[in-house]
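Subject: Structure handover and notes

Dear colleague,

I am handing over the structure below, and I would be grateful if you could read the notes with it open beside you. They go through the sheet, the core and a few single residues in turn.

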Amino acid sequence: MHVVTVRFRIKNEHQEGFMKLMLQNASESLQTEAGCKQFDVCSDSGRPGEIFLYEVYVDAKAFDLHLQSAHFRRFDDQTRHMVETKDVTVYDQLSCHKQFPLSTDSHPRP
């Protein structure tokens, strides 16, 4: 597997618009790209304007196809002016460990 992480710093006046477009891009990636296996969009209310992506593709070629897709190019064009910084890091996944499903309970039961 091919893992891509992206850390964005979004300009204050564009945070809401960026997030709407980012969630749409993530959804389209998962729905239309067979090679896109996971696309998590993360934020923290304590760090407004910072967005973290965790993306998993079957291989580097699948990620390259993502970058060439019409929906990604549209997203990139629409959001370029909203971004202060963007840091992309790529990894080869060596192993995968499954966890229990997320629950609304703050303390998992044994």
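Two strands are said to pair if DSSP finds at least two bridges between them, and the elements themselves are DSSP runs numbered from the N terminus, with helices being H or I runs of at least four residues and strands E runs of at least two. Please keep in mind that this is a predicted model, in which local features need pLDDT of at least 70 and side-chain atom pairs count only at pLDDT 80 or more, while totals for chains, interfaces and linings use all residues. Residues are numbered from 1 along each chain as its sequence is written, and side-chain values use heavy atoms, with hydrogens and water left out.

To begin with the strands, strand 1 and strand 3 run antiparallel and are joined by eight bridges, and within strand 3 it is V56 that stands opposite V3. Strand 2 and strand 3 are also antiparallel, with seven bridges between them, and C36 has Y57 of strand 3 as its bridge partner. These two strands, 2 and 3, form a hairpin with six residues between them, and in the turn G49 has a positive phi of about 90 degrees. Strand 3 is mostly covered, since six of its eight residues are buried, where buried means under 20% relative accessible area, exposed over 50% and partly exposed in between, using a 1.4 Å probe and protein chains only.

The largest nonpolar core (a set of buried Ala, Val, Leu, Ile, Met, Phe, Trp, Tyr and Cys residues joined through side-chain atoms within 4.5 Å) has 19 residues, and those touching the most other members are F8, F18, M22, F39, L53 and Y57. At least two residues of this core come from each of strand 1 (2-10), helix 1 (15-32), strand 2 (36-43), strand 3 (50-57), helix 2 (60-68) and helix 3 (70-79).

One of those core residues, F39, lies in strand 2 and counts as buried because its relative accessible area is 7%. Leaving aside residues up to four places away in sequence, F39 is in contact (heavy atoms within 4.5 Å) with M22, N25, A26, S29, L30, L53, Y54, E55, Y57 and H66. Its C-alpha atom is 9.4 Å from that of V4, although F39 and V4 are 35 residues apart along the chain.

L30, found in helix 1, counts as partly exposed because its relative accessibility is 40%. With residues up to four places away again set aside, L30 touches C36, K37, Q38 and F39.

Which residues of helix 2 are buried? They are A62, F63 and H66, and they sit on the same side of helix 2 because they cover an arc of only 100 degrees around the axis, the arc being that of the directions from the helix axis to the C-beta atoms. These buried residues pack against strand 1, helix 1, strand 2, strand 3 and helix 3.

Two polar contacts (pairs of N or O atoms within 3.5 Å, where within protein one must be able to donate a hydrogen and the other to accept it, and residues adjacent in sequence count only if both atoms are side-chain atoms) may be worth a look. At the start of helix 2, a side-chain oxygen of D59 comes to within 3.3 Å of the backbone nitrogen of K61. In the loop between helix 2 and helix 3 lies S69, whose side chain reaches the backbone oxygen of H66 at 2.8 Å; S69 is buried, as its relative accessible area is 12%.

With best wishes
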